Each structure stands twice: as C-alpha cells, then as structure tokens.
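This report considers how helices pack and where nonpolar side chains gather in the structure shown here.

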Amino acid sequence: MEAVFLIVVLFLAYANGANDNFKGVATLYGCGSASYRTAIVFGTAAVFAGSILSLFVARGLIAGFSGEGLVPDQIIGNGSFLPAVGFGTAVTVMLAARLGLPVSTTHSLVGGLLGAGWMAVGADVNYGRLGAAFAAPLLLSPLAAFALIAIIYPFFSYLQRRLQITRDSCICIGMRGSMRPAVLLVRNLEAPDAAGARLTLELGDTAECRSFFSGRFLGVSTQNLLNVLHYISAASVSFARGLNDAPKIAALLLASSWTGLSGSGWPMVAVALAMAAGGLLSARRVAETMSHRITPLDHGQGLSANLVTAVLVIFASGHGLPVSTTHVSVGSISAIGALTGRGNAGMIRGIVLAWVVTLPVAMMAGALSYMLLAG
C-alpha cells in the first residue's frame with residue numbers, strides 16, 4: 001500500500017507540472033522572447049528551486065493540505081483517505097492538462113479533500129475551516145490580480161509615453177492563408193527622430209513580425225532592458241509557483257503514518273522532481289492556451305502580468321494562503337486583454353467554466369477513490 005501511495009502522490013506531482021509549470025513563462029513564449037523549449041526549461045528550473053526552498057518557508061501550507069482540521073485525525077491516518085485525495089486530484093489535473101485547460105491544482109486538492117472527506121465522515125467534514133482557509137483565497141486571488149493590473153499597466157503605459165519610448169512595427173504582406181508571407185519590417189513607424197531619419201524597409205520572415213521597443217533608458221537599450229526584466233519576472237512567477245504548490249502535494253506524504261516520514265525532507269525533493277518531469281514532458285497544450293489563446297501579448301504587457309502574479313503568489317506563500325498560481329496568472333493575462341480590448345472572450349469563458357467544473361469533478365474522483373480503497 002505504501003508503494004501505491006507513493007506512486008499516486010508522484011503522479012499528482014507530475015500532473016501538476018504538466019498543467020502548471022508553463023504558467024510562469026507563458027508570457028515569454030507568447031510575446032516571442034523565447035521558444036517553447038527555452039521557456040519550459042527555464043520555467044521548470046525556477047519551479048524546482050522554489051519547490052526545494054518550500055522545505056523551509058512554507059510549513060503552513062503543508063499543515064493546511066494534510067486534511068488536518070477538515071476531518072478527524074483518525075481518518076487522515078486510516079490508510080485510505082490521503083491516497084484517495086491524491087488520486088482524485090491527479091486524475092482531475094491530468095485530464096485538464098490533456099485538454100489544454102489551465103486549472104488549479106489547489107482547487108483540485110480542495111475538491112479531493114472534500115470528496116474523500118465526505119465519503120469518510122459525511123456531514124462531519126469541517127466546512128467552516130474549508131471556507132475560511134481555502135475558498136476565500138481561491139476566489140479573491142484572480143480579482144486581486146485583475147485590480148493590480150488595472151493599476152500597474154496604465155502606469156507603465158504612462159511611463160512609456162513620458163520617456164518617449166516608441167515601438168518598431170512591421171507589415172506582413174502575402175496572400176491570406178499563405179504559408180510563407182513576405183514580411184516588411186518598418187522601422188521607427190511612430191515618429192522619426194530629431195535628425196529627420198526616414199522610415200526604412202527590411203525584408204524578414206514571419207518570426208520577426210513582432211513589436212519591439214526602440215530607444216534607450218539610462219543608457220541601456222529599452223528592448224534589452226525589458227527582456228531582462230521579463231525573464232526575471234518569469235523566473236519569479238515560476239519560483240513562487242514551486243514555493244506554493246510543492247508543499248500542498250508533499251503534505252499528503254508528510255501527513256501519512258509512515259514511521260519517521262513527517263521529519264524527512266525527501267518527499268519534497270521527490271515531488272519537486274516529479275513536477276519538473278511533468279512540465280518538461282507534458283506541458284505543450286496548456287502552454288499554447290496560456291501563451292496564445294487568451295490575448296496577444298507584447299514584452300511590456302507580459303512583464304506587467306508576471307510582476308503582478310509573482311507579487312501575489314510570493315506574498316500568499318509567505319503567509320500560508322493557498323492561492324492558485326493558475327487563477328492569479330490567468331487573471332493577470334485576462335486583465336491585459338480586457339484593457340487592450342484584444343482578449344479572447346470565448347477562451348476566457350471556457351477557462352472560467354473549467355474552474356467551476358474542477359471542484360465537483362475532483363470531489364467525485366476523490367469520493368470514488370475513497371470508496372474503492374476503503375471497501
């Protein structure tokens with residue numbers, strides 16, 4: 001039974017990596033700063049670092065997701081409850097990853113806890129603790145992300161205008177549906193410089209048909225500075241995700257009745273490795289959704305979204321609040337789409353619907369798993 005339990009938890013960690021590891025670097029891929037492979041390797045390394053650090057700074061999350069206070073202690077240690085929670089959550093998250101839907105592992109874990117808890121003790125589940133400790137942070141975090149973007153993004157746009165930072169743009173010329181359209185890169189489209197420089201045309205390929213910032217800030221190329229800051233913000237989001245998610249999954253192992261396990265650090269390391277494997281091998285479908293299907297992004301917009309996500313998730317991790325990196329990240333990117341008027345409303349509605357469905361699906365999976373294991 002112990003070996004099966006370990007496999008279940010590592011499967012959950014793998015599913016978490018598949019669905020979540022790309023979320024911190026989605027804006028890098030979306031605006032063309034990095035290829036898919038570069039982005040996922042970079043993001044996974046940062047997630048792994050955050051997961052290892054969570055051994056020391058995120059003990060509050062470990063206690064919260066062990067089921068402590070939600071169901072009686074004897075249920076947590078009965079050998080069926082925690083494996084049922086893990087399996088129900090893993091099935092839910094992996095199914096969403098296969099469908100390309102960015103759902104919350106935190107949300108799924110809450111569903112798994114509820115479903116298995118309901119099957120184990122019925123109405124004796126402590127729903128009051130669930131609402132105070134889990135539901136409020138999950139519901140409020142995307143709203144907080146949206147509000148912060150509504151403040152930060154207009155401020156950055158104002159700075160861009162004040163510093164007279166312009167964009168290099170391009171014109172794509174070719175037959176509609178053509179596989180190889182010609183691209184004319186039009187330099188300094190917004191305004192020539194004081195010396196009277198004229199517009200220039202250069203022939204390029206479709207990979208170059210993106211928006212870039214021109215000019216210098218404090219003697220440094222504006223575009224290069226944005227790239228560096230964008231990578232730092234992406235690393236921060238990914239690091240914060242590992243810091244916030246690894247303890248929730250490792251909590252299942254650390255709360256088990258295995259002799260000496262509660263004082264060991266290896267479960268967190270095992271979870272971190274499985275999360276990394278899931279991201280590297282199975283993240284592509286969620287990556288396309290996050291990077292290209294919610295809203296088009298440029299470098300400044302991606303930086304804004306990542307800064308908000310990193311700040312909120314790191315703050316929550318430090319205070320033991322189980323926010324969802326998914327909810328915060330999607331909330332930030334969707335807010336950019338709303339402010340620019342370029343958001344894909346249909347895709348956003350589909351993601352929100354997936355969030356609504358996640359809880360009952362995870363509850364049913366957790367309940368069914370407990371019924372099979374306990375029976």
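## Basis of the description

Contact here means heavy atoms within 4.5 Å. The model is predicted, and the description below should be read with that in mind.

## Nonpolar cores

The largest nonpolar core has 37 residues, and those with the most contacts inside it are F22, Y36, M290 and I294. At least two residues of this core come from each of α2 (26–30), α3 (36–57), α8 (127–162), α9 (222–254), α11 (284–293), α12 (299–318), α13 (325–340) and α14 (345–374). A second core, separate from the largest one, comprises 29 residues, among them L113, A250, L252 and M275.

Once its neighbours within four places in sequence are set aside, F22 is in contact with Y29, Y36, A39 and I40, and also with A283, A287 and S291. Of these partners, Y36 is itself among the residues with the most contacts inside the largest core.

## Helix α1 and its packing against α10

Helix α1, residues 2–20, has 19 residues and spans 27 Å from its first C-alpha to its last, close to the 27 Å expected at 1.5 Å a residue. Its buried residues are F5, V8, V9, L12, A13, A15, N16, G17, A18, N19 and D20.

Helix α1 packs with helix α10 (residues 266–282) at an angle of about 45 degrees, their axes lying 6 Å apart. Angles that are neither under 35, over 145 nor 65 to 115 degrees count as oblique, and α1 and α10 are therefore oblique to each other. Their crossing is right-handed. On the α1 side the contact is made by L6, V9, L10, A13, Y14, N16, G17 and A18, while α10 contributes W266, A270, V271, A274, M275, A277, G278, G279, L281 and S282.

Definitions and conventions. Residues numbered from 1 in each chain as written. Predicted model: local features only at pLDDT ≥ 70, side-chain atom pairs only at ≥ 80, totals over all residues. Heavy atoms only, no water. Core = buried A, V, L, I, M, F, W, Y, C linked by side-chain atoms within 4.5 Å. Buried < 20%, exposed > 50% of the residue type's maximum accessible area, 1.4 Å probe, protein only. Helix = DSSP H or I, 4+ residues; strand = E, 2+ residues; numbered from the N terminus. Expected span 1.5 Å × (residues − 1). Axes fitted to C-alpha atoms, helices over the stretch in contact; angles between N-to-C directions. Left-handed = near helix turned anticlockwise from the far one by under 90°.
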